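Trainee: I am new to this structure. Please take me through one part of it closely, and then show me how the rest connects.

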Amino acid sequence: MKPSIHFAHNYFYNPTHPITVVLIGVGGTGSLMLARLARMDYALRQTGHPGLHVTAYDSDTVEPNNIGRQLYTVSDIGEYKVVNAVGKVNMAFGLQWRGIPMDALPEGADLLANIIITCVDDARFRIQLAQSVRQHYTRSDDKKRYYWLDLGNARNTGQFVLGTLFDTERKMEREDFEMVDDLRNIIDFFPDLEAQDTPTLQGAGCAYSDKLQEQSLFINDVLVAHASDCLFRLLYHKQIQKHGAFVNLESGKVNSIGV
């Protein structure tokens, strides 16, 4: 049986600008993803790549129950998460990324970017994003939408899915592998995603002890590690054989999703 491989969109082979990324949500998952995007940017630039330019959205402020569970400290309490997190990354890596302290609109043209990354609990937002993401068009390659990476988790489990947002433009037949252009997104896998948007699955407690009962302390770390590795393989190697995974901390298993 021939292996299936997805090759990055043509623009990713010789980008004329930094790859544009919109990161939606900088909480437990998003704050960790932002730090890894900065590491990716630095690594890519060392190879002559123009790197990444990230715009992050989140309207929340840092609260006491975020400390330790998200990438914030006691001194950050009261600050806008996105301003604080992006400011730290900019200072550490000498970047000029943008942190916007407001909620992103799923139907807005503000989400024109090569890669959209969603780290939100709101299933309805993801459904609306899936419905509207192809409606805005731009002639500029550095603002065209090519990929959507979504991450989500419950108490001890989580998943990430990297989907394509461009129309198939290449045809290639090879004897040694099967070329796959179209990658399904999170809504393709879970059309009833909104049914998962319940207090039982998403958590409703406010105290720190409640949060630890609702969510493993390290589920976000494990999930982001796998998702960011997938994205980096796409950006650096220009090809991937897996475009998602289901992670279970209780069983210790990671089930990959082949392209």
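Trainee: What is the strand order in the open sheet of 3 strands?

Mentor: Keep in mind that this is a predicted model. The order is β8-β1-β9, and the pairing is mixed. The edges are β8 (178-179) and β9 (239-240). Each edge strand pairs on one side only. Look at β1 and β8 next. They pair in the parallel sense, over 2 bridges. To find the spot, go to S4, which stands opposite E178 in β8.

Now turn to strand β3, residues 52-57. Most of β3 is covered: 5 of its 6 residues are buried. Strand β2, residues 19-24, runs parallel to β3, and 6 bridges join the two. One place to check is L23, whose bridge partner in β3 is A56. Strand β4, residues 98-100, also pairs with β3. That pairing is parallel too, over 3 bridges. Here T55 has R98 in β4 as its bridge partner.

Helices join these strands into units. Start from β2, pass through helix α1 (residues 30-45), and end at β3: this is a right-handed β-α-β unit. Then start from β3, pass through helix α2 (residues 81-93), and end at β4. That β-α-β unit is right-handed as well. So β3 takes part in both units, because it is named with β2 and α1 in one and with α2 and β4 in the other. As a general point, side chains in a regular strand alternate between the two faces of the sheet.

Next, the aromatic rings. The structure holds 10 aromatic pairs. One of them is Y11 with Y146, and it is stacked. The ring centres are 5.9 Å apart, with 25° between the planes. This pair links distant parts of the chain, 135 residues apart. Y11 sits in the loop between β1 (4-7) and β2. Y146 sits in the loop between α3 (123-132) and β6 (147-153). Both Y11 and Y146 are buried.

A second pair to look at is F190 with F246. This one is edge-to-face: 6.2 Å centre to centre, with 85° between the planes. It also links distant parts of the chain, 56 residues apart. F190 lies in the loop between α4 (186-189) and α5 (199-202). F246 lies in strand β10, residues 242-248. F190 is partly exposed, at a relative accessible area of 28%. F246 is partly exposed too, at 32%. Both count this way because their values fall between the 20% and 50% limits.

Go back to Y11 and Y146 for a moment. Ring pairs link them with F12, Y147 and F166 into a cluster. A charged residue also meets a ring elsewhere: R184 lies over the face of F189, at 4.0 Å from the ring centre.

Last, the cysteines. The structure holds 0 disulfides. A disulfide is a covalent bond between the sulfur atoms of two cysteines. C119 has a relative accessibility of 12%, so it counts as buried. C230 is buried as well, with a relative accessible area of 6%.

Technical notes
Residues numbered from 1 in each chain as written. Predicted model: local features only at pLDDT ≥ 70, side-chain atom pairs only at ≥ 80, totals over all residues. Heavy atoms only, no water. Buried < 20%, exposed > 50% of the residue type's maximum accessible area, 1.4 Å probe, protein only. Helix = DSSP H or I, 4+ residues; strand = E, 2+ residues; numbered from the N terminus. Pairing = 2+ DSSP bridges. Right-handed = clockwise from strand over helix to strand, strands pointing away. Phe/Tyr/Trp six-rings, centres within 6.5 Å; stacked < 30°, edge-to-face > 60°. Lys NZ or Arg CZ within 6 Å of the ring centre and 35° of its normal. Disulfide = S-S within 2.5 Å.
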